Amino acid sequence: MHSIRSRGGAAVNGRRAVITGLGVVAPGGVGTKAFWQAITSGRTATRLITAFDAAAFRSRIAAEVDFDPAAAELSHREIRRLDRAAQFALVATRETLSDSGLELSRLDPARVGVSIGTAVGCTCKLEAEYLVLSDTGREWLVDHSYTSPHLHDYYMPGSMAAEIAWEVNAQGPVTAVSAGCTSGLDALGHAVDLIREGTVDVMVAGGTEAPISPITVACFDAIKATSPSTDDAAHAMRPFDRTRTGFVLGEGAAVLLVEAEEHARARDARIYAEITGFASRSNAYHMTGLRPDGTELAAAVTAALDESKLPPDAIDYVNAHGTATKQNDRHETAALKKALGEHAYRIPVSSIKSMIGHSLGAIGSIEIAACALAIDQGIVPPTANLTEPDPELDLDYVPLEAREQHLGAVLSVGSGFGGFQSAMVLARPRSRAA
Amino acid sequence: MTTAVVTGIGIAAPNGLGTDNFWAATLRGQSGIDTLRRFDVSGYPSRLGGEIDGFDPADHLPGRLIPQTDRMTQIALAASDWALADAGVAAETYDTTQMGVATAGASGGLEYGQRELDTLWTAGPQHVSVYMSFAWFYAVNTGQISIRHGLRGPAGVVVSDQAGGLDAVGQARRNIRKGARLIVSGGMDSSFCPYGWVSRISAGTLSRSDDPSSAYLPFDVRAQGHVPGEGGAILVVEDAQAARARGARAYGEVAGYGATFDAAARHGGGRGLRRAVEAALADAGAAAADIGVVFADGSGTPEDDRAEAETITAVFGPGAVPVTVPKTMTGRMNSGGAPTDLACALLALRDGIVPPTINVRTIAPGYDIDLVIGQPRPWRPGAALVMSRGKGGFNSAIVLCPAAQVLSGAPTDEIRDPHRTRLEE
């Protein structure tokens with residue numbers, strides 16, 4: 001493979017953005033270590049929904065996080081006040097800070113920012129509060145006397161970015177990024193931009209989502225995007241498989257410490273990987289449909305490679321969007337061939353969503369955490385449940401079992417409702433002498 | 001560095017649909033605030049809103065789009081049409097991959113969401129609309145605008161409450177600096193439905209007055225909160241060189257941008273709003289004296305007003321720069337508010353006139369600001385500052401300057417003249 005080659009890396013103003021901390025809350029395990037063990041062992045976390053009674057729904061499966069907020073050391077107030085997605089984000093933030101070894105008190109808070117991706121915001125709380133205010137949907141003129149004092153925070157999900165900023169004392173740019181299912185990638189891309197342009201030294205960035213509520217499940221039911229394979233929930237999400245039936249809704253968060261390389265070097269931080277390039281494009285085609293040729297996703301990949309100053313054959317692994325819908329897996333395969341050419345056939349391409357489901361605005365960040373670990377550990381996580389290859393899909397999708405492999409640069413892609421297409425390239429950190 | 005200019009404006013505001021109607025109403029001091037009519041507000045503690053009248057989506061959009069979209073998306077699509085037409089941009093103006101979208105949202109298509117929540121809980125999941133999955137989420141306007149106009153370049157959506165409208169334009173400029181030729185930006189919000197209304201009430205900052213002429217009075221001794229509005233502005237932000245090459249008129253340059261967050265209340269440190277303003281000025285290469293007018297956030301709650309007045313005074317000196325809040329005529333339009341202020345500032349640059357703040361009579365003691373009250377004020381166009389804040393601690397600021405004017409390096413004598421805005425007083 002192409003492990004020993006000159007690596008690229010775009011430096012604007014000479015500044016590079018590196019990942020120095022990881023915090024993950026994912027189905028199958030809270031915490032980065034549990035997450036990595038789960039996805040490298042090929043274990044799936046999809047199951048019948050326990051969050052609510054889903055008997056009336058077409059898809060009754062989800063990848064849920066077994067999350068005990070008290071065990072995760074959230075305070076009683078945080079548990080009462082915060083939506084589940086904000087709780088995930090806060091727990092992931094605390095982990096990433098501790099993992100990074102960063103001492104907040106030594107930073108200039110004005111040089112610290114926050115960028116948090118979310119697709120559907122505080123849906124769980126919005127729906128739960130609505131049921132109270134509307135008497136279970138019966139009153140259009142909802143009764144404000146039952147209003148939670150925190151309702152505005154659920155209404156405007158920038159509140160989740162604010163929550164993280166309060167936690168870490170970030171006084172630089174703070175925002176939520178909400179570009180649907182690419183939010184998690186886009187939020188990190190925004191962080192990289194801010195570091196490179198010199199606005200900040202440190203970004204607490206990632207994505208969070210807790211969409212397993214009746215309204216979100218009903219949304220995906222309505223368009224038949226989610227898998228109805230209720231009889232075998234553990235194998236319901238089968239990306240790139242001939243028998244694939246759609247995605248399984250997931251939840252979780254990943255919050256990463258993204259830092260200017262010089263800042264990280266100065267404090268002798270452990271560097272997992274450099275984020276060398278990012279690009280987003282629109283397909284300008286359809287809110288939920290994809291053009292089969294994958295032109296815009298390919299364009300995003302090419303732009304991310306250009307920004308990375310890397311040729312297509314520098315990529316050693318692709319973390320796929322891999323949502324196991326008929327159209328996505330075709331679209332994505334076409335896009336990878338278009339952007340990487342023949343090289344696409346020579347490298348592993350896997351979808352960890354097969355194990356942890358599709359957590360909308362969080363998954364892009366969770367996948368970047370996986371990519372950083374893949375580089376760091378030299379392991380490619382597999383695509384679970386891929387037992388019957390689809391003759392139309394002819395790349396190496398790493399079925400069932402993880403592989404050990406030295407990785408120099410990896411690509412992660414995302415695609416979502418609204419036509420959003422995003423791509424991010426990570427590379428092994430430069431050796432200190434470089 | 002690449003320069004980003006605004007070449008197209010599309011406004012949909014409670015006091016006027018379309019730039020000309022809006023600007024004429026704004027200069028007349030005509031308000032769009034009244035008792036909300038979209039639903040029965042009589043049972044709620046706050047009853048006034050800035051509602052857009054006379055917007056029939058069927059006049060602007062193909063029939064098939066209407067059942068797929070929330071009102072705020074319908075308005076955003078119409079405004080994007082107006083903005084691109086104003087800029088003289090057609091599908092073939094640039095390669096479609098060099099044109100993108102960056103909008104701000106705050107609450108998504110919540111009116112649509114409330115309707116479908118009702119459907120789900122009263123009729124069952126199989127009755128939820130097939131469009132619900134993309135009609136409610138916060139990315140919808142960017143997605144729909146990109147599809148409507150075939151914009152296949154970078155796409156983005158930011159959510160930072162009221163400040164988001166400026167953050168989106170900051171994002172647009174960033175993408176132009178990275179190589180895009182044109183980004184459709186701005187923000188649009190509505191959620192004038194009971195659930196959206198109650199959500200806003202829960203923030204505790206809505207005025208409870210029933211008098212449209214005294215409900216929203218930023219910087220006034222009688223300030224008692226704000227009135228929400230619906231709508232906003234869509235702006236075409238373009239690479240200046242490319243715009244010049246195609247002979248486009250530029251309203252002004254997005255010369256400086258700064259965004260900060262207030263976490264100081266928990267952790268100590270200085271106020272974020274001032275840092276945002278100073279960052280935007282520094283980014284523009286402008287001195288405080290270069291700024292000829294300030295479009296204030298104008299929260300309308302005494303504590304925030306004081307903080308903003310103190311910031312203005314600290315940066316510019318007591319009463320040193322005209323300050324205005326045209327939002328007094330529209331209400332606060334969430335992510336649509338600040339883009340509308342940017343549009344106002346650009347029109348003020350074009351016409352040499354600063355729009356007024358209406359209804360305010362007596363500025364609260366201790367606020368040393370020169371608020372443009374009641375009547376528009378002529379000025380010699382220079383640079384303008386737009387400030388915006390969002391609930392939770394978001395602060396953003398943008399410096400606009402006339403397109404031909406270069407602030408960085410050596411400001412001209414004219415720009416340095418601190419009295420230029422008072423010449424016609």
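**Exercises on a predicted model**

**Exercise 1.** Leaving aside neighbours within four places in sequence, determine which residues are in contact with Arg71(B), and decide whether Arg71(B) is buried or exposed.

*Solution.* Step 1. Once the neighbours within four places in sequence are set aside, Glu111(B) and Ser190(B) are the residues in contact with Arg71(B). The model examined here is a predicted one.
Step 2. Locate the residue: Arg71(B) lies in helix α2 of chain B, which covers residues 71–87.
Step 3. Apply the cut-off: a residue is buried if 20 or more other C-beta atoms lie within 10 Å of its own. Because Arg71(B) has 23 C-beta neighbours inside 10 Å, this residue counts as buried.
Step 4. Compare sequence with space: Thr26(B) is 45 residues from Arg71(B) in sequence, and the two C-alpha atoms are 23 Å apart.

**Exercise 2.** State how strand β10 of chain B is placed and which bridge partner Phe295(B) has in β15(B).

*Solution.* Step 1. Strand β10 of chain B comprises residues 291–295; five of the five are buried, so the strand is largely enclosed by the rest of the structure.
Step 2. Consider the pairing: β10(B) runs parallel to strand β15 (residues 383–390) of chain B, and four bridges join them. Two bridges join β10(B) to strand β11 (residues 322–324) of chain B, again in parallel.
Step 3. Identify the partners: Phe295(B) is bridged to Val386(B) in β15(B) and to Thr324(B) in β11(B).
Step 4. Follow the chain: from β10(B) it passes through helix α11 (residues 302–316) of chain B to β11(B), a right-handed β-α-β crossover.

**Exercise 3.** Find how many residues the largest nonpolar core has.

*Solution.* Step 1. The largest nonpolar core has 298 residues, and Val258(A), Leu426(A), Val386(B) and Leu400(B) have the most contacts inside it.
Step 2. At least three residues of this core come from each of domain 1 (4–245) and domain 2 (256–420) of chain B.
Step 3. Examine one member: not counting residues up to four places away in sequence, Val386(B) touches several residues, among them Leu166(B), Phe295(B) and Leu400(B).

**Exercise 4.** Determine how many residues of domain 1 of chain B are in contact with domain 2 of chain B.

*Solution.* Step 1. The centres of the two domains of chain B, taken over C-alpha atoms, are 22 Å apart.
Step 2. Contacts link 59 residues of domain 1 of chain B with 57 residues of domain 2 of chain B.
Step 3. On the side of domain 1 of chain B that touches domain 2 of chain B, α6(B) supplies the largest share, seven residues.

Notes: Residues numbered from 1 in each chain as written. Chains lettered and ligands numbered in written order. Predicted model: local features only at pLDDT ≥ 70, side-chain atom pairs only at ≥ 80, totals over all residues. Buried ≥ 20, exposed ≤ 12 C-beta atoms within 10 Å, placed from the backbone. Contact = placed C-beta atoms within 7 Å. Core = buried A, V, L, I, M, F, W, Y, C linked by C-beta atoms within 7 Å. Domains from an automatic or database assignment. Pairing = 2+ DSSP bridges. Right-handed = clockwise from strand over helix to strand, strands pointing away.
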